[in-house]
Amino acid sequence: MELGAEGEPVEDECRQELKALADRLDQVETESLLGGEHDRANAIVTLNAGAGGTEAQDWAQMLQRMYLRWAERRGFKREVSDVQHGEEAGIKSASLILKGDSAFGLMRSEIGVHRLVRISPFDSNARRHTSFASVFVYPEIEDEIEIDIRPDDLRIDTYRASGAGGQHVNMTDSAVRITHLPTNIVVQCQNERSQHKNKATAMRMLRARLYDFELRKKRSEAEKVEAAKLGIDFGSQIRNYVLAPYRLVKDLRTQLEFGDVDRVLDGDLDRFMHAFLVFEKTGRKTPKAA
């Protein structure tokens, strides 16, 4: 007040301090809401492009970058364990492992279908297109948790790892695909030159998938994750990212809106994760972001 009376420009400084305080309060609240059994675990994230060919595959790759940037912002270790590239651009699917405190608890807010509306860079007529991609997240299960995996229940295939454009990572069959025959769960890894390392990573992913499978079996039908049943198309999305004719990101569960789409796509997701955790716990929605 005294500085203001003396003509000092203090409004901007006060505004910045209040925003920093609000951000810190959100962070403390977020940490208090992470009380689930595996919320502190690392996260295994799978991305899948919806129907629509190159458009959807490019969108899936944008989401992959968004989550890798988010993890980088938080100081998490990031590992792309498998990528299936599109024929022209983008990716058909990808698996990521994000390692850091509460990675799973935060990333589970992203489970579902994500919808992008934009002027297509692949359309010579510059028409507006809508694309979809799905995100699923599993906790990475520690070795001491017992998941019975019998060798006889596994089919392990090796193949030659490849990158975009058909360029091989190396000239040996180092990539590994593991199929769990009783459940038909398939995991694969090709990011290392060592077949042994790829197999070890794929087994970690399989343990996480099997643990999630067993949890789902124990739940009633009403408690199962509906996102696993929804098609990757209209009416099933959890969040819209609109780049044209206006610019807005809106979460359809919490009603949170944010106009700086580029910032969100560059990994600024904490406000959406916080809003989801609050909504999950209290049912309180957050219509707008500052």
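These are my notebook entries on the sheet, one helix and some salt bridges in this structure.

**Ground rules.** I'm working with a predicted model, where local features need pLDDT of at least 70, side-chain atom pairs count only at pLDDT 80 or more, and totals for chains, interfaces and linings use all residues. Residues are numbered from 1 along each chain as its sequence is written, and side-chain values use heavy atoms, with hydrogens and water left out.

**Entry 1: the sheet.** I looked up the strand order first. Strands here are DSSP runs of E with at least two residues, helices are runs of H or I with at least four, and both are numbered from the N terminus. I found an open sheet of eight strands with mixed pairing, in the order β2-β3-β1-β5-β4-β9-β10-β11. Two strands count as paired if DSSP finds at least two bridges between them. Which strands stand at the edges? They are β2 (77–85) and β11 (257–258); each has a single partner strand, so one side of each is left without a neighbour in the sheet.

Next I checked one pair inside that order. β4 (residues 112–119) runs parallel to β9 (residues 237–242), with five bridges between them. On β4's side I noted V113, which sits opposite Q237 in β9. My reminder to self: strands of a sheet pair through backbone hydrogen bonds, either parallel or antiparallel.

**Entry 2: the helix on top.** I followed α3 (residues 54–73) and saw that this helix lies across β1 (43–49), β2, β3 (91–99), β4, β5 (128–139) and β9. Its angle to β3 is about 10°, taken between N-to-C directions on a scale from 0 to 180 degrees, with axes fitted to C-alpha atoms, for helices over the stretch in contact (heavy atoms within 4.5 Å).

**Entry 3: salt bridges.** How many salt bridges does the structure hold? I get 24, each being a side-chain nitrogen of Lys or Arg within 4 Å of a carboxyl oxygen of Asp or Glu.

I picked out D268 and R271, whose closest N and O atoms are 3.0 Å apart. Is D268 buried or exposed? D268 is buried at 10% relative accessible area, while R271 is partly exposed at 22%. (Buried is under 20%, exposed over 50%, partly exposed in between, using a 1.4 Å probe and protein chains only.) I also noted a network in which salt bridges with shared partners join R65, R69, E72, R73 and D266.

Within α3, R69 and E72 meet at 2.8 Å, N to O. They are three residues apart in the helix, so about one helical turn separates them.
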